[in-house]
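User: Could you take a close look at the disulfides in this one? I'd like to know which cysteines pair up, where they sit and how well covered they are.

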Amino acid sequence: VVPNISYQCMELNLYKIPDNIPITTKMLDLSFNYLRHLGSHNFSSFPELQVLDLSRCEIKIIEDDTFQGLNHLSTLILTGNPIQSLAWGAFSGLSSLQKLVAVETNLVSLNDFPIGHLKTLKELNVAHNFIHSFKLPEYFSNLPNLEHLDLSNNKIQNIYYEDVKVLHQMPLLNLSLDLSLNPLDFIEPGTFKEIKLNGLTLRSNFNSSDVMKTCIQGLAGLKINRLVLGEFKNERKLKRFDRSFLMGLCNLTIEQFRIAYLGEFSGDDTDLFNCLANVSGISLLSISLESLQALLKDFRWQHLEMINCDFEKFPALKLSSLKKFVFIDNKGISSFNEFQLPSLQYLDLKRNHLSFKGCCSHSDFGTTKLKHLDLSFNDVITLSSNFMGLEQLEHLDFQHSTLKQINAFSTFLSLRNLRYLDISYTHTRIVFHGIFTGLVSLQTLKMAGNSFQNNLLPDIFTDLTNLTILDLSKCQLEQVSRTAFHFLSSLQVLNMSHNKLLSLDTHLYEPLHSLQVLDCSFNRIMASKEQQLQDLPRNLTRLNLTKNEFACVCEHQSFLQWVKDQRQLLVGAEQMLCAEPPDMKDMPVLSFRNATCQMSKTIISVSVATVLLVTVVGVLVYKFYFHLMLLAGCKKYGRGESTYDAFVIYSSQDEDWVRNELVKNLEEGVPPFQLCLHYRDFIPGVAIAANIIQEGFHKSRKVIVVVSQHFIQSRWCIFEYEIAQTWQFLSSRAGIIFIVLQKLEKSLLRQQVELYRLLSRNTYLEWEDSVLGRHVFWRRLRKALLAGKPRSPDGTADAETDPQEATTST
């Protein structure tokens, strides 16, 4: 288990002690093997041995000096061995032995057990054997340190004065005896008179209440610190008890009394505990009592336990001396009743299914001295009194109860002495950021299984400067505020497991200078950035990242290498598994190889360069596709005759002018001109761009561009204009005639830089809606269209042609 220190060799079918166990071994478990015969100096190879477990090794013979040389051995376990021969010197050499367990070893008598020389022995367990006599051998006077003798489940029936004579001669004041499950019939009166014991346990010993009463009377005169009477849960011999059996306890001096698993008492319970009025502590385990009216008396009890008792209602206690009250697992009571215990300091009410309508203040418990309060595993607890009068509280536990109104105000403001707070699994949703205000002394805070608004951990720990342990597991956290831990410089243990964190953001934990243990297991962490890994607290000794969703890809190469380098820091690094990519799913993170990333870089570089080249070519082809179509068309139609005199480019907003003015005057005039118009001459079923190039540009001598405000604002018109420029460049006979329909603002025109420059440097026609202006406009336009037009066969010429200059832009 621990190299060179601790070894478990159990159930390996060994017939001898292995030779490869190092000499430095301190703990050795050889249980459930087949050693059978232990010879002299069997274990001398392990001089540092402190714990040796030989349970159920079928050992029948133990020779002299078997354990010789084990000067440091403190615990020897021989449980379940059918020992037939135990030499008188079997335990020699065990100068430091403190605990010897010889349960189920066929032991018949303590007289035959050679342990008289073990002066350091503190605990002797010889339960489940065949010992018939309680007589304690004389060698017990040589065991001054003996504190616990377990003789339970043997065959002892009678106890006489002579049996404990050694205790009269050599008192063992710290000795505790366990005689449970022995069939006791008789204890001689006066046997234990003036004897002092630390403890005596008598459970499931008596076949009848009369025998029980007789034996208890036989204990008269005993002075004992702790007496345990009753039965075991699964070993019940008596069904009903007469309360008079406790009357025999009046003759004993008892400090603490425990009674367990006794059935219903006959008669009235009023005087049941009269003989126990002066004990300091009493414990009732699974006792059927209808009420505890007897406890209303002013007994001197300081410690009272009631565990799994059948009460009809919460006991009304008025014990002025009671300092510790434990009332747990009493499920028959649903509501809490106030009580008056002015000296109470410790109160444990867990696992009772109690409800508290208003909690908690000094009036609920009748004390202002309370330091420990446990209300865990109950029902609904409504916090409404701000712990008034309970300012001395140091320990407060609400786990697995349902808390209400915890966000309504600074609930814990007055608890400046509180050191431990547990609100785990209390169905609490943290909304109020001042929920822990005032807890300046808090050292441990457990709040697992709750939730936060927006699944964000806010700055709620401002006052907790002394906090050392913080549990935030199972809180559905997805994000953590950047300053959430800024004030927790004393924090040593932080549990963030079972949340929904996506990355190991070490910046969050940088302020935690004292942090030693960090648990981030069972989250959704894929990796951590390289620069963040250097920010982990220097004192960190254990980091748990198991059960996350690690991405074992080259992108996180630095993190994966960090995992390999930090195996000593990481808890269960071998159990850290990859979640992606699919081919590495459920593979150990440690199996990731960086060499694959180096090889991939070359492949990726070539692939990226190829993709970029193809992309650039594609973009260029796409961008200049129509220009390439024009070039191909020019070669195809370059020598043929044109079908149209001009291809008209215009905005659809100006179509009325084109139809009513341009088409009417040019196509119906003398001489007539044939225009290419998209709404009339484009071939149906062919793409618009293809029609523009093939029907418009390639089959026309000229291009008429009708420039207007609508034209400039139309992306499609600008596209046609740009193609026209390319067409003019590629075709030697081409010409572009600009017609400006109205005055254009220069700011608007400048939006199309190339068009602005052309109109500034070249002649264009301006449309003027007047008699003279119209006449001049048409004469100039016809003249421009006739340039380069082949003459008709009849030799007609334009009679109206005039060499008048066209207006030039200024």
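Analyst: First, the yardstick: a disulfide here is a pair of cysteine sulfur atoms within 2.5 Å. Keep in mind that this is a predicted model. With that cut-off, searching the whole structure turns up three disulfides.

Let's start with Cys 250 and Cys 275, which form a disulfide with their sulfur atoms 1.5 Å apart. The link is left-handed, at -65 degrees about the S-S bond. As for where the two ends sit, Cys 250 is in the loop between strand 16 (241-242) and strand 17 (253-260), while Cys 275 is in the loop between strand 18 (265-266) and strand 19 (281-285), so this pair ties together parts that are 25 residues apart in sequence. The two ends aren't covered alike: Cys 250 is partly exposed, its relative accessible area being 46%, whereas Cys 275 comes out buried at 18%. The 18% counts as buried because the limit for that class is under 20% relative accessible area.

Next up is the pair Cys 359 and Cys 360, joined by a disulfide with an S to S distance of 1.4 Å. Both ends are covered: Cys 359 is buried with a relative accessible area of 1%, and Cys 360 is buried with 0%.

The remaining link runs from Cys 552 to Cys 578, with 1.9 Å from S to S. Its torsion about the S-S bond is about -85 degrees, so this disulfide is left-handed. Cys 552 belongs to the loop between strand 38 (550-551) and helix 4 (557-565), and Cys 578 is part of strand 40 (residues 578-580), so the bond ties together parts that are 26 residues apart in sequence. Cys 552 and Cys 578 are both buried.

While we're on cysteines, here are two further ones to check for cover. Cys 475 counts as buried, at 0% relative accessibility, and Cys 717 is buried too, with a relative accessible area of 4%.

So, back to your question about pairing and cover. The pairs are Cys 250 with Cys 275, Cys 359 with Cys 360, and Cys 552 with Cys 578. If you want to go through them on screen, Cys 250 is the partly exposed end of its link, while Cys 360, at 0% relative accessible area, is buried.

Definitions and conventions
Residues numbered from 1 in each chain as written. Predicted model: local features only at pLDDT ≥ 70, side-chain atom pairs only at ≥ 80, totals over all residues. Heavy atoms only, no water. Helix = DSSP H or I, 4+ residues; strand = E, 2+ residues; numbered from the N terminus. Buried < 20%, exposed > 50% of the residue type's maximum accessible area, 1.4 Å probe, protein only.
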